[in-house]
Amino acid sequence: MGISIKGKKVLVFGAGKSGIASVKLLLEKGADTVLYDNGKNLCESDIRKKSEVLKGVRIITGELKDTEIEELSLAVLSPGVPLDLAEVKKLKAHGIKLWGEIELAYQFAKGRLIAITGTNGKTTTTALTGEILKSFYQDVEVAGNIGIPYTSLVTRMTQDTVTVAEISSFQLETADTFCPEISVILNITPDHLNRHHTMECYISMKESITKNQKPGQYCILNYEDETLRDFGKTLSLNVIYFSSKRKLEKGLYLDENTIYLAGDDGVKKVADTGELNLLGIHNYENVMAAAAAASAAGVPLEKITEVLKTFQAVEHRIEYVGEFDGVRYYNDSKATNTDAAIQGIRAMQRPVYLIGGGYDKQAEYGSWIDAFEGKVKKLVLIGETKENIAKAAKEKGFTDTVMCQSFEEAVNYCRDSAQPGEAVLLSPACASWDMFKSYEERGRRFKEIVRGLKLC
């Protein structure tokens, strides 16, 4: 461990799910733990109601005073806390050591670790890799940005545990000694620039997942992402590439409708895409990444293939909701950036009523609109970004847009307008925070409304 925790005063910054899980772990390890949240509308009593874990824990809201900081040995930041926040700068100025939630977990975790990052596809790839590993290993945990705090699983881990963790760029900002045995970077496209500010910084964060890895360990990279292809050449690790566009002498690749694994012992078939329950090239890339990670972890190819054929799409990622009056509805609420939303459009086989818009992450929408390619019949816009998206669409020559004031209005418009043989796709290309607490809440609300249409 970097420092001793027992008896030390540790501040957890952020009263969300990962913050509370961090508090629980710190208490179990004997730390004198304080929970802090700078949310403007939060009060101590509201925070304390969130969990029995917080009984007896000191909670601070509002301003973080110098006298309180001076008592600290460590601060654990939740993923949603930016490093350029005034309170974080204050902690740094006092010389307080900063860890993220994944670093805290890593300090106490046992067993093997596979860590998966990338702009898009992380959740699907993490869930799929976990399912493959469970078919072969008895003790497998799936954690991280997928919705299960890494810290919440640590106390039940043993040396036989294999953990698959979805890791975001936010989490990597505060990683210190964090070192997976197998790392995966699926792709890197512009996202979260309101937090990372430059593309160079964002790329650096994603690539930092490998920074503590040692020769002999594995890194799995997308060969068709030029940044990652070049990055792989700089690594002294066992680099495994996957490709959706060309045959590789070594690695996984898609050739027409079949995925292959090429290695020193020849080329082996992994699966036909027609046997999979996942749609679209982006998902075939996720499948290849998961298969590569599982293979590197020692899972036999026949086990990998077996799970690939039965795995279902994760919730909120091009999730089929149902059919009403001949119109199919798909929930792609997890498409919180333009690249993810492009994949959602490409997976559609019908004319689409597309619901887009949401919280403004200072994104550009041109490439997304280019991907409409005759598939999008109507773009139904909501949220903070609706005016910007409509303007970008007009500049691209797409004028079939509708402005809606509420989420319910948008779904109901699609219900009233879409014809049999068409599809309604919620794939916003934006975060949800202007209308919802999370993309999960947005997706579940979409499904609630759709399922109220008496699906047949």
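So, Asp 325: you'll find that one in the loop between strand S15, residues 319-324, and strand S16, residues 327-331. This is a predicted model, by the way, so take everything I say about it in that light. What caught my eye is the backbone at Asp 325: phi is near 55°, a positive value in a residue other than glycine. And is Asp 325 buried or exposed? Exposed, because its relative accessible area is 51% and the cut-off for that word is over 50%.

There's another residue to put beside it, and that's Glu 256. Its loop runs between strand S12, 251-255, and strand S13, 258-263. Glu 256 isn't a glycine either, yet its phi is positive, at about 55°. With a relative accessible area of 71%, Glu 256 counts as exposed too.

Okay, let me zoom out for a second. The protein chain has 17 helices and 20 strands. If you lay the C-alpha trace along its principal axes, you get a span of about 65 × 60 × 40 Å. What radius of gyration would you want for a compact globule of 456 residues? Near 23 Å, and the protein chain comes out at 23 Å, so the two agree. Of those 456 residues, 57% are buried. And if you take contacts with a separation of 6 or more, 65% of them join residues 24 or more positions apart.

Now, helix packing. Two packed helices are described by the angle between their axes and the distance between the axes. I'll start with H6, residues 122-134, since I have two partners to show you for it.

Partner one is H12, residues 301-308: the angle with H6 is about 125°, and the axes are 9 Å apart. That makes the pair oblique. The crossing of H6 and H12 is right-handed. Who actually meets whom here? From H6 you have Leu 128, Glu 131 and Ile 132, and from H12 you have Ile 304, Val 307 and Leu 308. Sorted by class, that contact holds five nonpolar residues, one charged and no polar.

Partner two is H11, residues 281-296. H6 packs on H11 at about 40°, with 9 Å between the axes. So this pair is oblique as well, and H6 passes H11 in a right-handed crossing. On the H6 side, the contact uses Thr 124, Thr 125, Leu 128, Thr 129 and Ile 132. The H11 side brings Asn 283, Asn 286, Val 287, Ala 289, Ala 290, Ala 293 and Ala 294. The class count there is seven nonpolar, five polar and no charged. If you're following on the structure, look at Leu 128 and Ile 132 of H6, which appear in the contact with H12 and in the contact with H11.

One more pair, further along the chain: H16, residues 407-417, and H17, residues 439-451. Their axes are 11 Å apart, at an angle of about 45°. Again, H16 and H17 are therefore oblique, and the crossing is right-handed. Phe 407, Glu 408, Val 411 and Asn 412 come from H16, and they meet Arg 442, Arg 445, Phe 446, Ile 449 and Val 450 of H17. By class, this contact of H16 with H17 splits into five nonpolar, one polar and three charged residues.

Last bit: three residues that sit inside helices. Ile 47 is in H2, residues 44-48. Its relative accessibility is 0%, so it counts as buried. What does Ile 47 touch, once you set aside neighbours within four places in sequence? Ala 15, Leu 35, Asp 37, Leu 42, Leu 54, Ile 59 and Thr 61. For Asp 37, which is ten residues away along the chain, the C-alpha separation from Ile 47 is 8.9 Å.

Then Ser 18, which belongs to H1, residues 17-28. Ser 18 is at 14% relative accessibility, so it's buried, given that the cut-off is under 20%. Leaving out residues up to four places away, Ser 18 touches Ser 78, Pro 79, Glu 101, Pro 149 and Thr 151.

And finally Ile 203, in H9, residues 199-207. Ile 203 is buried because its relative accessible area is 18%. With residues up to four places away set aside, Ile 203 touches Ile 188 and Thr 227. Leu 228 is 25 residues from Ile 203 in sequence, and their C-alpha atoms are 9.4 Å apart in space.

How values were computed
Residues are numbered from 1 along each chain as its sequence is written. This is a predicted model: local features need pLDDT of at least 70, side-chain atom pairs count only at pLDDT 80 or more; totals for chains, interfaces and linings use all residues. Side-chain values use heavy atoms; hydrogens and water are left out. Axes are lines fitted to C-alpha atoms, for helices over the stretch in contact, and angles run from 0 to 180 degrees between N-to-C directions. Helices (H or I, at least four residues) and strands (E, at least two) are DSSP runs, numbered from the N terminus. Angles under 35 degrees count as roughly parallel, over 145 as roughly antiparallel, 65 to 115 as roughly perpendicular and the rest as oblique. A crossing is left-handed if the near helix is turned anticlockwise from the far one by less than a right angle, and right-handed if clockwise. Contact means heavy atoms within 4.5 Å. Ala, Val, Leu, Ile, Met, Phe, Trp, Tyr, Cys and Pro count as nonpolar, Asp, Glu, Lys and Arg as charged, and the others, Gly among them, as polar. The radius of gyration is taken over C-alpha atoms; the globule rule is 2.2 Å times the number of residues to the power 0.38. Buried means under 20% relative accessible area, exposed over 50%, partly exposed in between (1.4 Å probe, protein chains only).
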